[in-house]
Amino acid sequence: MTVAVVLLTTALVTVVALLAAAGAGKLARMDNASYPAALTRAATAFAAVITLAAVVASTLAALRT
């Protein structure tokens, strides 16, 4: 059961990160940014969401023990 929860949570975080990256890239393109600049902004948003999820997970793990 724990493995299923971990896998579902990982999938959810990945989907949210991809949606944030797609939104950031689209907004960058709407702001007349070049494709490389839009891709950079999308990658930054993706990395920020993944990093935030890792920080929250490690904090919750520290509080649990």
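Ala33 is found in the loop between α1 and α2, where helices (H or I, at least four residues) and strands (E, at least two) are DSSP runs, numbered from the N terminus. The model is predicted, so that local features need pLDDT of at least 70 and side-chain atom pairs count only at pLDDT 80 or more, while totals for chains, interfaces and linings use all residues. Residues are numbered from 1 along each chain as its sequence is written, and side-chain values use heavy atoms, with hydrogens and water left out.

Ala33 counts as buried because its relative accessibility is 9%; buried means under 20% relative accessible area, exposed over 50%, and partly exposed in between (1.4 Å probe, protein chains only). From Ala33 to Val3 the separation is 30 residues in sequence and 41 Å in space, C-alpha to C-alpha.

Asn32 also lies in the loop between α1 and α2. With a relative accessible area of 72%, Asn32 is exposed. Asn32 has a positive phi of about 65° although it is not a glycine. Most residues other than glycine have a negative phi.

The loop is preceded by helix α1, which covers residues 2-30. Met30 belongs to helix α1 and is exposed, its relative accessible area being 58%. The C-alpha atoms of Met30 and Val3 are 40 Å apart, with their positions 27 residues apart along the chain.

How do the two helices pack? Helix α1 and α2 meet at an angle of about 150°, with their axes 8 Å apart; axes are lines fitted to C-alpha atoms, for helices over the stretch in contact, and angles run from 0 to 180 degrees between N-to-C directions. That angle makes α1 roughly antiparallel to α2, a label for angles over 145 degrees, whereas those under 35 count as roughly parallel, 65 to 115 as roughly perpendicular and the rest as oblique.

Helix α2 spans residues 35-64. Ala47 is placed in helix α2 and counts as partly exposed, at 38% relative accessibility. Between the C-alpha atoms of Ala47 and Ser34, which are 13 residues apart along the chain, the distance is 20 Å.

Leu52 is likewise found in helix α2, and a relative accessible area of 57% makes Leu52 exposed.
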